[in-house]
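Biologist: I should like a close look at a single part of this model, namely the place where one chain meets the other. Please state the cut-offs behind each term as it arises.

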Amino acid sequence: MTNHWIDLKNSDAILAIGCNPAENHPISFKWIEQALDNGGKLIAVDPRFTRTASKADIYAQIRPGTDIAFLGGMINYALQNRLIHEEYVREYTNASFIVNEQYDFEDGMFCSFDDQEKTYDLKSWAYANGPGDQPRRDPSMKDPRSVFQLLKKHFSRYDVDTVCAITGTRKEDYLAVAKAFCATGRPDKAGTILYAMGITQSTHGTQNVRAVALLQMLLGNIGIAGGGVNALRGESNVQGSSDYGLLFHLLPGYLKSPEFDNVDLKGYNEKWTPKTRDPKSANWWGNTPKYITSMLKAWYGDHATKENDFCYSYLPKRSGNYSYSKIIERMGKGELEGLVCMGMNPAVGGPDSLKAREALGKLQWLVTVDLWETETSIFWKRPGVNAREIQTEVFMLPAASSVEKEGSISNSGRWTQWRYAAIHPVGDARSDLHIIDEFCKRVKALYAKDGGAFPEPITRLSWNYGDGHEPDVNLVAREINGYFTKEMTITDKDKVLEFKKGDQVPMFKYLQDDGSTAGGCWIYCGSYTNDGNQMARRDASDPTGLGLFPKWSWCWPVNRRIIYNRASVNPAGEPFNPKRPVIAWDGLEKKWKGDVPDGPWPPMNDAKEGKYPFIMLPEGHGRLYALDMKDGPFPEHYEPVESPTRNLLSRTQNNPVVKLPANVSSDLAKYPCIGTTYRVTEHWQAGAMTRSLPWLVELVPDMFVEISETLARQKGIANGDQVKVSTERGSIQAKALVTSRLKPFNVGGKMIEQVGMPWHFGYAGLATGDSGNVLTPTVGCANTSIPEFKAFLCSIDKGGKRA
Amino acid sequence: MGISRRQFLQGGALAAGAVLAGKPGEASVDTPDLRTRGLKSTTTICPFCSVGCGIIVHTRDGKVVNTEGDPQHPINQGSLCPKGSALFQIANNERRLQKVMYRAPGSDRFEEKSWDWALDRIAQRMKETRDRSFKAKETNKKDKKEYVVNRTDGMAFFGGAGLDNEECYLWSKFARAMGIGQLEHQARL
């Protein structure tokens, strides 16, 4: 989230698209309801009439996978009706930038597509450079090659009638949504967009998110109280686990994991440190060398020296895509020997689960670390297989629960909150911290004793978290924050700061690229300082009244509660909305007041030191036109891979950058319904954490499949009947739940039914049932590889007996 | 410097105690306080969704006897959803794994093992796989040049959005030191 949960109360219009906070983030509704009490509007856009929709002022039905059409139509509506925040767009986005002559778009395709490789040449979309090698700009935004004009042209095709034909939305509902939300383009109004997996789980998921961001930039809604682009994340610490780089392409702090041709630290820094010649651009990623060097110092301590490139060569280098689905694919081919799952359940949680379960059987060894038996840990005795034929060695380790250990987690609003151990772990269970510590210490000892393949990255790894039974979590948190490795004097403007060796680094602007600081994750610098553990703070004061709670826990970056907040003021530093100022420049005291500003510099207009607000981009301006997306600089509507219709907007049916797997089918004769997966309040994710809790099992005991009353009539299915749902991947059986929450979609004049289901169930635990993901396809977003769980084709029939 | 388990627990109780010591006058007339009188209180954050609601855990003799929403927490102000309210049953649940279990290749059952045995064997497996599949160099298919990659292709590490930050950090650090390229978790799904 750019903003945070309590900030929802500051909104004049809340657009929930591809998320269902009333169901899946129930307590967020406390703040949504406060916004409604203040006169704000709630708009729900969803294929189903969800619990969120039931509380909304406006509900619009949308066919799964058509979000870009929906949002593109809103972008067009805002532009055509001049509802945009013009000063914001001109000053803070790249609307005025000129694009090079080569860029072109026709019939769903951007220029320079390589049909064999299924890739675009991203260089062909570059800005047109002018004097001093800087992008040319036209502040009037009238140049036909300006981003603003290209944007207008691109989205002019998204007229209301075309959009509604694609999305299946009733025109009056669509117009009501567009009118209500685009009214927040006024400087004194705030609109927020909330989204979750309905947006990301798509073959064009990243462009869905971009469409959200585009609309918010055009309306001047990013950086302000009650605004923002707000991903409602699914797990208690999926924000933190992402922050710490548990993804193949990342290292902690969103540093990139090295690619094969980043041959040394210099090469790595050249590749991943963006450059700018514009003195008004803060270009924060320009600090990349400081952050990677500090991380390497934290990892390799005294072994990491300037002479040996701070042990950069010890890091593995990637060549290709090792995303979740690719790993399962390789596992299925027998190319992996071992897998360790820390609180993860691939037998239920990923797409095409039958394939994933088979793949587990190709492993030589599997380690699961969990609170429970999961479908993954007992995959070898799952229904329908002979355990004797499965040769995988399985270690099932009991893990401590959240109340049995100490440490921090980061919520969706980036608040990092400290938890304490209330009791010892049950039985022989142990904390994940302890288990990882043991893995590392034991592997280290083996390499120290016996040697082996390139042992130094392991034997030299700095790993000292105390001598107790449990590693000292405070020592880990201190290393993450960072410390000085020698005595330092830093001059910061008029201040001279003295630091001793071992002092905690107070904030990331003091991290160094010469080895004089060590710090595990730069964005968490400031979380554990010489003043103590900031994450454990519990001061519930709210001086601004905006709900920032600056002394409750700590949030990254630098305890800034609303990021991009320099965009909440005009170039002179005055809040666009004086009623809800996030920050304001005090010209007399020469400092910002309010939230922690996005950098200390004076307002943008300051000739000497002013900076643009979008500090993470080298050009300092929000990107209406992107330079680094694999599938185009603008979002463009494509159909989901399995779709009941041809693309009505162009002849390009699917995202051209996405490679299609063999087991997908858009044969409506076989699979006439649209399938989609979702979650319910009473269960959580793959179900291990809820399907064994009797209270929750009593509330929702069974796997079910939700269908409309019309489909039920058509198929002769009554509520509670057993039904069978099939796709090209497999079949599941479950109880039918007939509701008026689901309605068929109008697709080109034909009514197409939808089949909804939770994906929480599996064969382990107290309450069992078939897994929704048996049905879903392994095909993912062009940029992130996140699978398209939300829109597939299926058939449904009455009958069947549960396997 | 090390910290014993005893200190570790006290740290939590101490901090939580300070939190709850706020309004003793009101406590005597407040029913929930009566119910929890004499219990040790510890603050925590809900382990389910990402809203980050505060929860108070009441314990007696090392057992969780009650959990409820933290009224001082600015986000949830004491309220909880059905999942958050069921935290109690995570701490008190006969289905929780209590022992290290091992399933030998081709076997149709788990058998109980000691931590030491399992951790040693896992470390051995990790090392063998790393030694067998470690790729120091690799020829790139496109430019036919050889590059140093120092990567272990024979195993993958998954997880975890349910781990604490400090655990995620050590997982990341350990994985990369092992040469793991295939490090992934729920954020990709």
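**The helix pair and its surroundings**

Modeller: H17(A) and H7(B) are roughly parallel to each other (angles under 35 degrees count as roughly parallel, over 145 as roughly antiparallel, 65 to 115 as roughly perpendicular, the rest as oblique). This is a predicted model, in which local features need pLDDT of at least 70 and side-chain atom pairs count only at pLDDT 80 or more, while totals for chains, interfaces and linings use all residues. Residues are numbered from 1 along each chain as its sequence is written, with chains lettered from A and ligands numbered from 1 in the order in which they are written.

The angle in question is about 20°, and the axes of H17(A) and H7(B) are 9 Å apart (lines fitted to C-alpha atoms over the stretch in contact, angles running from 0 to 180 degrees between N-to-C directions). The crossing of H17(A) with H7(B) is left-handed (near helix turned anticlockwise from the far one by less than a right angle; clockwise is right-handed). On the H17(A) side, Asp432(A), Leu433(A), Ile436(A), Asp437(A), Phe439(A) and Cys440(A) take part. They meet Glu166(B), Glu167(B), Leu170(B), Trp171(B) and Phe174(B) of H7(B). By class, this contact of H17(A) with H7(B) holds seven nonpolar and four charged residues, with no polar ones (Ala, Val, Leu, Ile, Met, Phe, Trp, Tyr, Cys and Pro are nonpolar; Asp, Glu, Lys and Arg charged; the others, Gly among them, polar).

The pair belongs to a wider interface. In total, 142 residues of chain A are in contact with 116 residues of chain B (C-beta atoms, placed from the backbone, within 7 Å). Helix H17 (residues 432–450) gives the largest share of the chain A side, eleven residues (helices are DSSP runs of H or I, at least four residues, and strands of E, at least two, numbered from the N terminus). That side of chain A divides into 78 nonpolar, 40 polar and 24 charged residues.

Helix H7 of chain B, which spans residues 165–177, also lies across two strands of chain A, S15 and S16. It runs at about 90° to S15(A). These strands belong to an open sheet of chain A in the order S15-S16-S23, paired in the antiparallel sense (strands pair if DSSP finds at least two bridges between them). Strand S15 (407–410) and strand S23 (554–555) form the edges, each pairing on one side only. Between S15(A) and S16(A), the latter comprising residues 415–419, there are four antiparallel bridges. Ser410(A), for instance, has Thr416(A) as its bridge partner in S16(A).

Strands also link the two chains directly. Strand S12 of chain A (residues 338–342) runs parallel to strand S8 of chain B (residues 155–158), and four bridges join them. Within S8(B), Phe157(B) is the bridge partner of Val340(A).

For reference, a helix pair inside chain A may be set beside the one described. Helix H4 (residues 67–80) and helix H8 (residues 171–182) of chain A pack at about 60°, with axes 10 Å apart. That angle makes H4(A) oblique to H8(A), and their crossing is right-handed. Gly73(A), Met74(A), Tyr77(A) and Ala78(A) of H4(A) contact Ala178(A), Phe181(A) and Cys182(A) of H8(A). The contact of H4(A) with H8(A) contains six nonpolar residues, one polar and no charged.
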